[in-house]
Amino acid sequence: MRIIRAKDYKDMSRKAANIISAQVILKPDSVLGLATGSSPIGTYEQLVKWYEKGDLDFADVTTVNLDEYYGMKPENDQSYHYFMHDHFFDHVNIDPSRINLPNGMEPDEKKECARYDAVLRSVGDVDIQLLGIGRNGHIGFNEFFSKGTHCVDLTESTIEANKRFFASEDEVPRRAYSMGIHTIMTAKKVLVVASGEDKAWAIRESCFGPVTPKVPGSILQLHNDAIVIADEAALSLCGDFL
């Protein structure tokens, strides 16, 4: 695991965008694994800027997203389908047929998990999997070590962290479809972005603590090419290890 120190959120975002843009330039038909949440927004904004300048071309890129809330319509402004289009897809020349996300509106869990696992197999190896990390160390919505796509009951800490995006706590989804840990680990490169003091514990435990299902991100210590880009605040508890 390689750790790259960033000064702040903007610096973290630019460093992450540099790695993703290099991948797309070197391999125009790359498969990108994408994440949602506040952490990668700046990365997407930077990629859009470079696309608008003519530096990047996403025409042949395929994307697979980590997760989606169970029971949420794609047009809901809190869905991850909406998030990705709002922050990235609608601003670059990606082919809509190459965009893949879990279908939160499929009520049959087994059916949807099997469908999305089949999609993941069909696109081949993910070249870069972008990840944020939860305050409790979860990646995607994986609250434990898991194999394939599954429907997970969100923990209270995750619900608490997500309620700032909703009008009331009652509106926060309690379940989500998530790509499995095993699938994440098969990506050729994993890129984690983290910013802020509220991620400091998760970064310390994921990067330097024991590999344990209690901190799902800790499994990334076993990946052959995992990069963590974190700002000073997110690294504030790692001083004895760096």
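**Exercise 1.** Leaving aside neighbours within four places in sequence, which residues is Leu191 in contact with?

*Solution.* The model is a predicted one, in which local features need pLDDT of at least 70 and side-chain atom pairs count only at pLDDT 80 or more, while totals for chains, interfaces and linings use all residues. Residues are numbered from 1 along each chain as its sequence is written, and side-chain values use heavy atoms, with hydrogens and water left out. Taking contact as heavy atoms within 4.5 Å, one finds Leu191 touching Ala16, Ile19, Ile20, Ile128, Gln129, Leu130, Leu131, Ile227 and Ile229.

**Exercise 2.** Place Leu191 in the largest nonpolar core, and state which element gives the most to this core.

*Solution.* A nonpolar core is a set of buried Ala, Val, Leu, Ile, Met, Phe, Trp, Tyr and Cys residues joined through side-chain atoms within 4.5 Å, where buried means under 20% relative accessible area, exposed over 50% and partly exposed in between (1.4 Å probe, protein chains only). The largest such core holds 42 residues, and Leu191 is among those with the most contacts inside it, together with Leu47, Phe58, Phe88 and Ile229. Elements are DSSP runs numbered from the N terminus, helices being H or I of at least four residues and strands E of at least two. Those supplying at least two residues each include strand S9 (189-194) and strand S10 (226-231), but H1 gives the most, with six residues. A second, separate core of 29 residues includes Val64, Val190, Ala202 and Cys238.

**Exercise 3.** Describe how strand S3 (residues 62-65) is covered and paired.

*Solution.* In a regular strand the side chains alternate between the two faces of the sheet. In S3, Thr62 and Val64 lie on one side and Thr63 and Asn65 on the other, and all four are buried. Strands count as paired if DSSP finds at least two bridges between them; S2 and S3 pair in the parallel sense over four bridges, with Val64 as the bridge partner of Gly33.

**Exercise 4.** Is Lys27 buried, partly exposed or exposed, and which residues does Lys27 touch?

*Solution.* Lys27 sits in the loop between H1 and S2, and it counts as partly exposed because its relative accessibility is 28%. Not counting residues up to four places away in sequence, Lys27 touches Asp127 and Lys188. Val61 is 34 residues from Lys27 in sequence, yet their C-alpha atoms are 8.8 Å apart in space.
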